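User: I should like to go through this model in a series of questions. Please show the sequence and the structure before we begin.

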Amino acid sequence: MEEHYRVAVRTDVTSYPWNISGAPLEIRTKGKKIPDWNIYNGSAGPLPYSIPAGREIKTSEEDIMLIPYGCTTLRIAEFPILGKYVIK
């Protein structure tokens, strides 16, 4: 886990931590955009059928930052696993 995720805990948390700038912690890792997965009613929409079926995603890997669910308006509670993709 430590190899793929970096956790940063803030010590200067305000009395209102429920926004991006006030998030009490963040996790940095790698991810890939899924071209057919879009925002739906302000949230992550349903996964495209091709993802559970194991279709390869050919987008490039990029750095992503994750913050607690209540600190943002785009909320994703679970990310899909992309076929046999493994971060190296």
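User: Leaving aside its neighbours within four places in sequence, with which residues is Ile 64 in contact?

Analyst: The model is a predicted one, in which local features need pLDDT of at least 70 and side-chain atom pairs count only at pLDDT 80 or more, while totals for chains, interfaces and linings use all residues. Residues are numbered from 1 along each chain as its sequence is written, and side-chain values use heavy atoms, with hydrogens and water left out. Ile 64 belongs to strand 5, a strand being a DSSP run of E with at least two residues, a helix a run of H or I with at least four, both numbered from the N terminus. With contact taken as heavy atoms within 4.5 Å, and without neighbours up to four places away, the partners of Ile 64 are Ile 27, Arg 28, Thr 29, Lys 30 and Gly 31.

User: How far apart in space are the C-alpha atoms of Ile 64 and Thr 29?

Analyst: Thr 29 is among the contacts of Ile 64. The two residues are 35 residues apart in sequence. From C-alpha to C-alpha, their separation in space is 5.5 Å.

User: Is Ile 64 buried, partly exposed or exposed?

Analyst: The classes rest on relative accessible area: buried is under 20%, exposed is over 50%, and partly exposed lies in between, with a 1.4 Å probe and protein chains only. The relative accessibility of Ile 64 is 26%, so the residue counts as partly exposed.

User: Which elements does the protein contain, and in what order do they run from the N terminus on?

Analyst: The protein has 0 helices and 5 strands. Read from the N terminus on, the order is β-β-β-β-β.

User: What share of the contacts with a separation of 6 or more comes from residues 24 or more positions apart?

Analyst: The protein has 88 residues, of which 16% are buried. Among contacts in the protein with a separation of 6 or more, the share from residues 24 or more positions apart is 63%.

User: How many salt bridges does a search of the whole structure find, and which of the pairs links distant parts of the chain?

Analyst: A salt bridge is a side-chain nitrogen of Lys or Arg within 4 Å of a carboxyl oxygen of Asp or Glu, and the search of the whole structure finds 3. Asp 12 pairs with Arg 10 at 3.0 Å, N to O, and Arg 28 pairs with Glu 26, their closest N and O atoms being 2.9 Å apart. Asp 63 and Lys 30 form a salt bridge with closest N and O atoms 2.6 Å apart. Since Asp 63 lies in strand 5 and Lys 30 in strand 2, 33 residues apart, the pair that links distant parts of the chain is Asp 63 and Lys 30.

User: Is Asp 63 buried or exposed?

Analyst: Its partner Lys 30 has a relative accessible area of 36% and is partly exposed. For Asp 63 the relative accessible area is 55%, so this residue is exposed.

User: Which residues lie nearest the centre of the largest pocket?

Analyst: On a 1 Å grid over the protein atoms alone, a pocket is an open set of points where a 1.4 Å probe fits, with protein on both sides within 12 Å along at least five of seven lines; lining residues have an atom within 4 Å of a point. The largest pocket has a volume of about 1,100 Å³, a volume being the space filled by probe spheres set on the points, which are joined across faces, edges and corners. Strand 2 (25-32) and strand 5 (61-66) each supply at least two residues of the lining. Of the 30 lining residues, those nearest the centre are Trp 37, Ile 64, Leu 66, Ile 76 and Phe 79.

User: How many residues of each class does the lining of the largest pocket have?

Analyst: Ala, Val, Leu, Ile, Met, Phe, Trp, Tyr, Cys and Pro count as nonpolar, Asp, Glu, Lys and Arg as charged, and the others, Gly among them, as polar. By these classes, the lining has 20 nonpolar, 5 polar and 5 charged residues.

User: Which residues does Pro 46 touch, not counting residues up to four places away in sequence?

Analyst: Pro 46 is in the loop between strand 4 (43-44) and strand 5. At 64% relative accessibility, Pro 46 counts as exposed. Not counting residues up to four places away, Pro 46 touches Trp 37 and Tyr 40.

User: Is Ile 34 buried or exposed?

Analyst: Ile 34 is placed in the loop between strand 2 and strand 3 (39-40). Its relative accessibility is 10%, so Ile 34 counts as buried.
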